[in-house]
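Biologist: Please take a close look at one short strand in this model and at the strand on either side. Then carry on to the other parts of the chain that can be described in the same terms.

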Amino acid sequence: MDDKLKQLIDELLVLALEGNAADDQLEQLNSLIRSDREVLDYCSSFIELASRLYVPDQISMQFVKQDIDDARVYANTLQELKHFEETASVVTLNEDSIGCEICSDDRNNVKPNRFFSIYNKLISVAAVFMLMFIIYANVFPPELSVFVATVQDQVDVVWNNDSEKLKNNDRVFNNQLPYQIENGILEIQYDTGVDIVIEAPAKFQFERAGIFLEYGRLYSRVPVSGIGFRVDTPGCRFIDLGTEFGIQADTDGSSEMHVVKGKVHMDAGESKYSKTIYEFSASRYNAETGQVSDVCYNSGLFARNIESKNNRIWRGEKAVNLADIVGGGNGFGTGQFEHGVDPGTGRAFILLPEHADDIANASNGYHLCPDFPLIDGVFVPNAADGKQVITSLGHIYADCPITNSNYFGRIVNGTAVTISRGGPGLFLNNTYFGDSQNPAIFMHTNQGITFDLKLIRKVADSTDFLCFKSICGISETGPDYGLADITVLVDGRVRYNQKNIAKAQFFQVNVPLYPNDRFLTLMSTVSTEKKAPEDGKLNLEHGDWCLFGNPILKLK
């Protein structure tokens, strides 16, 4: 038991003995005692010492949180004895009646101390009584059903037909029949402040100081008020020591623990093999062999936070994926491949092989995107049509070049199709881009898109971003003759510009972002130095297969 935990227990014990502990503090103390034998032994020693040192009036029955009639009767009896001693008349004893000889001098020096005799002895017995009661109540807690937690949120949850179904804001009891979910993710908050996220398929049962997870994945975030939170699986018991951790319980009884912060105590198997697992490490219990072994730590294995309103599932990612947002997602993997937006209309678009020669033309008007809540708008850049608006608040790109307003392929979340003498897929620096491993925004020249950083911050549950990072260029799979300019703007001001990018050339983009930045704009245009072929068989923008590979907003 480390010094931090010991200090916390000392404070809770003192508050309890003095009668000043709040209900949540008493629950926290009880949870700690229940979860750890070392804590139980420490509290026993503490209370034994306190029973000898404390003024009797200050020992409070509040320490015994459970409502047990015997404890109250015992306390009332002690109070009556105390009152009797304080009010009883003095009894004069005859020297002959006590069977010993007391000299008058010694008798005159004796000071009355009537409160020590009976009451003080009994109060010591009371302390032992309360100690034994507390130990019994925590080690063998009564099977009482009480509210322990509240349903916070759920995403795409499908309940098993035999399971009770929970709705948001429902209160849940301990000792209820197990719950079972076949699909989706459920978020629960305990009254002690502990947050847990359970991912299907899963079967679980709530307990007063924790949860029994028969199988499934669980992520837990435990504040100081919830230290001692316990997760039981068929083969293991995990006791929190102030942490964030994930547990995977398999149907064969095996369990795996990944500690993100702090540390967790683990008791595994019939032999109760014990170990402490520290942050950034993981251990696995094999039910077949009964062995515990270290395994590779995986910070992204568990859903840590959900938000049904935005269909957001956060697994600890340190960045928001802008290609996923282009695909209609929330930046955390919900977007669709080869889906995107038409910059000439603001409407959703799906890139198909039949679009091989689909060259569009539009004015430079700014279009909102009703199908994309995190995209502010899109446009076809062309200064010849007047001032180029690039945000919904009217920010102007003053140095926008003159283009022919032609664009091809739309703005899309990756591509694997073969289109117009190019493809399949996108490559830069001998790396394939456009899949879940290396996402990409395919953005042929003369297209622009603006992301709303304010809304993305809200979805990402982050106060700020550090920067926008990407690798930009013209795909190696594009047809010859490409030559383009790529520009990145924030609130209408240029923060990155690379001119005359040729086929297979690539550049690293690292644009710093600040708390007050609102709009991030990505734009590709035909190079002002590019010349159309004299035979007139190819359009000026031919071959400009621009892309932003791994386009992320890095979280602070």
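**A short strand and its surroundings**

Modeller: Strand β6 (residues 230-232) is joined to β7 by three bridges, and the pairing is antiparallel. Strands (E, at least two residues) and helices (H or I, at least four) are DSSP runs numbered from the N terminus, and two strands pair if DSSP finds at least two bridges between them. This is a predicted model, in which local features need pLDDT of at least 70 and side-chain atom pairs count only at pLDDT 80 or more, while totals for chains, interfaces and linings use all residues. Residues are numbered from 1 along each chain as its sequence is written, and side-chain values use heavy atoms, with hydrogens and water left out.

Within this pair, V231 has F238 of β7 as its bridge partner. Three residues lie between β6 and β7, and the two strands form a hairpin. β7 also runs antiparallel to strand β10 (residues 263-268), with five bridges between them. There, D240 faces V264 of β10. Strand β7 (residues 236-240) has four of its five residues buried, so the rest of the structure largely encloses it. Here buried means under 20% relative accessible area, exposed over 50%, and partly exposed in between (1.4 Å probe, protein chains only). In the chain as a whole, 50% of the 556 residues are buried.

Before β6 in sequence there are further antiparallel strands. Strand β3 (residues 179-190) is antiparallel to strand β4 (residues 195-207), with eight bridges. One of the pairings sets L186 against I198 of β4. The β3-β4 hairpin has four residues between the strands, and G193 there has a positive phi near 100°. β4 is also antiparallel to strand β5 (residues 210-221), over ten bridges. I198 faces L218 of β5. The hairpin from β4 to β5 has two residues in its connection. P201 is part of strand β4, and the peptide bond leading to it from A200 is cis, with omega near -5°.

Two residues other than glycine have positive phi. D156 has a phi near 55° and belongs to strand β1 (residues 147-159). D156 counts as exposed because its relative accessibility is 54%. N175 has a phi of about 60° and sits in the loop between β2 (171-173) and β3. The relative accessible area of N175 is 32%, so this residue is partly exposed.

Further along the chain there is an open sheet of six strands, ordered β20-β21-β29-β34-β31-β32 and antiparallel in its pairing. Its edges are β20 (367-368) and β32 (493-502); each has a single partner strand, so one side of each has no neighbour in the sheet. Inside the sheet, strand β29 (residues 447-452) runs antiparallel to strand β34 (residues 519-526), and six bridges join them. F451 is paired with L520 of β34. Helix α8 (residues 453-460) packs on the sheet and touches β29 and β34, its direction making about 50° with that of β29. For such angles, axes are lines fitted to C-alpha atoms, for helices over the stretch in contact, and values run from 0 to 180 degrees between N-to-C directions.

T445 lies in the loop between β28 (440-443) and β29. With 0% relative accessibility, T445 counts as buried. Apart from neighbours within four places in sequence, its contacts (heavy atoms within 4.5 Å) include N406, Y407, A484, S524 and C546. T445 and V380 are 65 residues apart in sequence, with 9.1 Å between their C-alpha atoms.

At the other end of the numbering, helix α1 (residues 3-17) packs against helix α2 (residues 23-35) at an angle of about 125°, with 10 Å between their axes. That makes α1 oblique to α2; angles under 35 degrees count as roughly parallel, over 145 as roughly antiparallel, 65 to 115 as roughly perpendicular, and the rest as oblique. In α1, the residues L5, L8, I9, L12, L13, L15 and A16 meet Q25, L26, Q28, L29 and L32 of α2. This contact is made by ten nonpolar residues, two polar and no charged. Ala, Val, Leu, Ile, Met, Phe, Trp, Tyr, Cys and Pro count as nonpolar, Asp, Glu, Lys and Arg as charged, and the others, Gly among them, as polar.
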